[in-house]
Amino acid sequence: MTAELPLLSRKVCLVTGASRGIGKGIAVILAKAGATVYITGRTLDVTQGKIGSLQQTAEEVGQDSCSGQCIPVQCDHGNDDEVQKLFDKVSKEQNGRLDILVNNACTGWKAISENAEKPFYEQPLNVWEEVNNVGLRSNYIAAWHAARMMVPAKQGLIINVSSIGGLTYLFNVAYGIGKAANDRMAADMAVELRKENVASVSLWPGAVMTENVKDFLSNPQDEKSRKAAALFKDAEDPTFSGKAVAWLAADPSMMNKSGRILVTAELAREYGFKDFGGAQPLSFRQVKKLLSLRYPSVSWMIPEFVYVPRWLLAVASHKF
């Protein structure tokens, strides 16, 4: 446990898609807070052309003598039989206990990048499946299994890692539909789970400096990389999302947030934690952040306490 983390030594967690990126950041932090964390990915070790692995995530946690543990489980979340075996394993080894499910696995980034800036009707039809099979459907399947363990215990937390793409256009049509559906899934599951004392939320990180993003930005001669550099100038570390999940899981009033979209930067201000190196990322709802993306020369004049009201976002998202 570190000074910025709550104690989660009795928690059993499952983080999908944890070989790298946000999933890895969440898994590492939960384990460092003392939790037992099952982590999934399609391969256990690094394969040619891939960045990161489940084994690397587990080894990184193992270097911290004060931490919990990461248990790597090879699982393709597009395969329902493998998902069933995963939850059977967790249930058997933990006496039916599961406290936290983080739905993070997704496989659509290759399809998104290969078809960047093309309208949906010029993209292959399989882009929909690539983006939303593992990343939307898989989240529902995992939540179904998790709820069947959490409801009898009358406690638990299900998190869908989503993004601002659920509110406004981002990347492509399939991506936006998937993120909006993840947000609605979390909200609707919360309605049915509330009486069972199980919370369900969507988590929106900001721009995150994942391994894939670093690789993408490594070529300053590429025009797309140069355009993206401004967006990721103050990007969050993947562990920032992990701190948000850890503090949320430790919150005795967690049920008050069930059904909501939660922004990592706003949770940081509420719970008092910071990003790697002591940084305090801004929320997309902060006017200062919005201006910094389009009018950086004037953003310095705007105080950080000025936010876009949530009700205004809700009104803007309804298309009647």
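A cavity here is a set of points, on a 1 Å grid over the protein atoms alone, where a 1.4 Å probe fits but cannot get out. A pocket is an open set with protein on both sides within 12 Å along at least five of seven lines, and lining residues have an atom within 4 Å of a point. Grid points are joined across faces, edges and corners, and a volume is the space filled by probe spheres set on the points.

This is a predicted model, so to speak of local features takes pLDDT of at least 70 and side-chain atom pairs count only at pLDDT 80 or more, while totals for chains, interfaces and linings use all residues. Residues are numbered from 1 along each chain as its sequence is written, and side-chain values use heavy atoms, with hydrogens and water left out.

**The overall picture**

The protein has 13 helices and seven strands; helices (H or I, at least four residues) and strands (E, at least two) are DSSP runs, numbered from the N terminus. Of its 320 residues, 47% count as buried, where buried means under 20% relative accessible area, exposed over 50%, and partly exposed in between (1.4 Å probe, protein chains only). The protein exposes about 16,400 Å², with carbon and sulfur atoms supplying 55% of that; accessible areas come from the Shrake-Rupley method with a 1.4 Å probe, and for residues only the protein chains shown count as cover. Contact means heavy atoms within 4.5 Å. Among contacts between residues at least 6 apart in sequence, 69% join residues at least 24 apart.

**Empty space**

With a threshold of 30 Å³ or more, the count comes to one cavity. The largest cavity has a volume of about 100 Å³. Of the 13 residues lining it, Cys-106, Val-131, Gly-135, Tyr-175 and Lys-179 are the closest to its centre. Two or more lining residues come from each of α4 (109-114), α5 (126-153) and α6.

The second largest pocket has a volume of about 850 Å³. Its lining runs to 34 residues, and Leu-167, Asp-183, Trp-204, Ile-261 and Ser-317 lie nearest the centre. Helix α6 (173-193), strand β7 (261-263), α10 (264-271) and α13 (310-316) each supply at least two residues to that lining, and α6 gives the most, with seven. Helix α6 therefore turns up in the cavity lining as well as in the pocket lining.

For the make-up of the two linings, Ala, Val, Leu, Ile, Met, Phe, Trp, Tyr, Cys and Pro count as nonpolar, Asp, Glu, Lys and Arg as charged, and the others, Gly among them, as polar.| Lining | Nonpolar | Polar | Charged |
|---|---|---|---|
| Largest cavity | six residues | six residues | one residue |
| Second largest pocket | 16 residues | eight residues | ten residues |

**Helix α2 and its cover**

Helix α2 (residues 54-62) has Leu-54, Thr-57, Ala-58 and Val-61 as its buried residues. They cover an arc of only 95° around the axis, which puts them on the same side of α2; the arc is that of the directions from the helix axis to the C-beta atoms. An α-helix has 3.6 residues a turn, so residues three or four places apart point the same way. The cover over the buried residues of α2 includes α1 (21-32), β2 (36-41) and β3 (69-74).

Take Thr-57 from this helix. Thr-57 counts as buried because its relative accessibility is 0%. Leaving out residues up to four places away in sequence, Thr-57 touches Ala-18, Ser-19, Lys-24, Ala-27, Val-28, Ile-39 and Cys-70. Ala-18 is 39 residues from Thr-57 in sequence, yet the two are 7.4 Å apart in space, C-alpha to C-alpha.

**A strand residue: Leu-101**

Leu-101 sits in strand β4 (residues 100-103) and is buried, because its relative accessibility is 0%. Beyond its neighbours within four places in sequence, Leu-101 is in contact with Leu-14, Thr-16, Phe-87, Ala-142, Ala-143, Ala-146, Met-150, Leu-157, Ile-158 and Ile-159. Asn-139 is 38 residues away from Leu-101 in sequence and 9.8 Å away in space, C-alpha to C-alpha.

**Loops and the tail**

Lys-154, in the loop between α5 and β5 (156-161), has a positive phi of about 55° although it is not a glycine. At 43% relative accessibility, Lys-154 counts as partly exposed. Phe-171, in the loop between β5 and α6, is not a glycine either, but has a positive phi of about 75°. Phe-171 counts as partly exposed, at 40% relative accessibility.

His-318 belongs to the segment after α13 and is partly exposed, with a relative accessibility of 47%. His-318 and Leu-167 are 151 residues apart along the chain, with 9.7 Å between their C-alpha atoms.
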